[in-house]
Amino acid sequence: MMLLDVIYFILRNSLRVIMRPRTKQIEGELVLITGSGGGLGRLFAQEFTKHGADVVLWDISSTCNEQTAKLVHEMGGKAHVYTVDVTKREDVYRNAELVRKDLGRDVTILVNNAGVVAGERMLDCPDELMERTMKVNSHAHFWTVKAFLPQMKAQNHGHIVTIASVLGLFSTAGVEDYCASKFAAVGFHESLAHELLTEEVQGVKTTLVCPYIVDTGMFEGCRIREEVELIFAPLEPQYCVEQAMNAILIDQPLVCIPRLTYLPFLARALLPWESNVVMYRFMGSDKCMYPFIDNKRQVANGCIKVE
Ligand SMILES: NC(=O)C1=CN([C@@H]2O[C@H](COP(=O)(O)OP(=O)(O)OC[C@H]3O[C@@H](n4cnc5c(N)ncnc54)[C@H](OP(=O)(O)O)[C@@H]3O)[C@@H](O)[C@H]2O)C=CC1
Ligand SMILES: CC1=C(/C=C/C(C)=C/C=C/C(C)=C/C=O)C(C)(C)CCC1
């Protein structure tokens with residue numbers, strides 16, 4: 001029976017690639033997005049609004065967050081803005097309580113999207129920057145899930161979305177802080193998903209989103225071999241968010257964007273380490289972060305201006 005089930009899910013998931021299942025309705029849901037002032041967070045806010053959901057926007061930067069809220073309002077949607085540092089657990093719990101009081105209802109979809117990267121080689125990187133990456137990209141997920149999951153479980157209705165990265169499934173040089181934090185986020189998310197299934201909390205869904213480089217500026221300068229870039233081109237932010245939304249709306253547990261990035265993930269698991277190293281060198285992905293680190297340094301030194 002177990003083997004039949006395994007085969008059934010392989011066939012069902014393969015079929016889903018060609019024939020998309022019905023999407024769920026999220027009209028009237030309350031969606032909380034962290035890092036909503038940034039590139040992907042803002043687009044998520046707009047996409048959820050398009051689907052009729054109300055959004056709660058959490059970001060450390062109030063100016064960027066207000067701009068997101070303005071865009072949502074212009075679309076005729078409802079946005080509620082809070083300035084929150086997700087690394088501070090007391091701040092998270094206090095603001096979660098405030099949201100509940102202000103809006104008089106519970107968050108039903110949580111999108112853990114806030115993220116940072118140090119952009120320095122390990123030995124050059126100040127300790128505080130490495131610690132910050134771990135706190136924003138992984139520890140913060142503990143606090144937000146602890147703040148919002150209890151009501152979702154009580155209602156047997158909700159959805160936890162983790163915006164991780166392909167760098168939470170395989171790694172490369174020069175982004176040790178980032179990879180450590182994203183591997184941690186993936187581990188946390190998967191364990192939580194198992195827990196919900198084991199406890200038979202069927203109404204609370206989970207989606208793990210693992211995008212490749214997205215053109216939001218966060219990894220400006222990151223480059224692989226030119227010929228390989230034709231196949232693995234950086235993603236348009238809008239495309240990335242649409243793909244993630246598709247997965248969320250069909251309760252898909254994991255999505256790698258683009259699908260082609262399942263291949264290096266599989267290669268890491270199946271092939272010897274040295275085979276992976278040879279492929280990395282060939283594709284220029286061994287040193288892909290070095291121009292990004294240089295670029296970040298130049299921005300910090302004022303040699304390059306960012307808008
Ligand atoms: N861009 C890419 O290539 C990829 C990104 N991702 C992931 O997608 C997510 C979104 O990335 P993207 O939109 O590109 O990045 P952005 O830098 O554009 O957005 C991240 C947002 O998170 C905010 N933020 C940072 N620290 C905190 C904090 N302590 N509390 C609350 N908010 C905070 C940032 O505010 P501020 O700007 O003020 O720091 C910013 O508004 C991240 O988790 C990232 O790791 C995954 C794969 C690829
Ligand atoms: C390692 C590797 C690759 C390059 C991956 C890169 C460059 C990923 C960058 C991801 C980012 C910036 C994620 C942010 O969250 C290839 C060429 C796909 C295939 C071979 C293995």
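**Helix packing and ligand contacts in a predicted model**

Helix H2 (residues 39-50) packs against helix H8 (residues 237-249) at an angle of about 50 degrees, with the axes 10 Å apart. This is a predicted model: local features need pLDDT of at least 70, side-chain atom pairs count only at pLDDT 80 or more, and totals for chains, interfaces and linings use all residues. Residues are numbered from 1 along each chain as its sequence is written, ligands from 1 in the order in which they are written, and side-chain values use heavy atoms, without hydrogens and water.

User: Why are H2 and H8 called oblique to each other?

Analyst: Their angle is about 50 degrees. Under 35 degrees counts as roughly parallel, over 145 as roughly antiparallel, 65 to 115 as roughly perpendicular, and the rest as oblique. H2 and H8 are therefore oblique.

User: Which residues of H2 meet H8?

Analyst: Leu40, Leu43, Phe44, Glu47, Phe48 and Lys50 do. Contact means heavy atoms within 4.5 Å. Their partners in H8 include Pro237, Val241 and Ile248.

User: What makes the pair of Asn113 and ligand 1 a polar contact?

Analyst: A polar contact is a pair of N or O atoms within 3.5 Å. A backbone N or O atom of Asn113 lies 2.7 Å from an oxygen atom of ligand 1. That pair qualifies. For Val214, again through a backbone N or O atom, the distance is 2.8 Å.

User: What links Ser165 and Tyr178 to ligand 2?

Analyst: Side-chain N or O atoms. The one in Ser165 is 2.6 Å from an oxygen atom of ligand 2. For Tyr178 the distance is 2.5 Å.

Technical notes
Axes are lines fitted to C-alpha atoms, for helices over the stretch in contact, and angles run from 0 to 180 degrees between N-to-C directions. Helices (H or I, at least four residues) and strands (E, at least two) are DSSP runs, numbered from the N terminus. A polar contact is a pair of N or O atoms within 3.5 Å; within protein, one must be able to donate a hydrogen and the other to accept it, and residues adjacent in sequence count only if both atoms are side-chain atoms.
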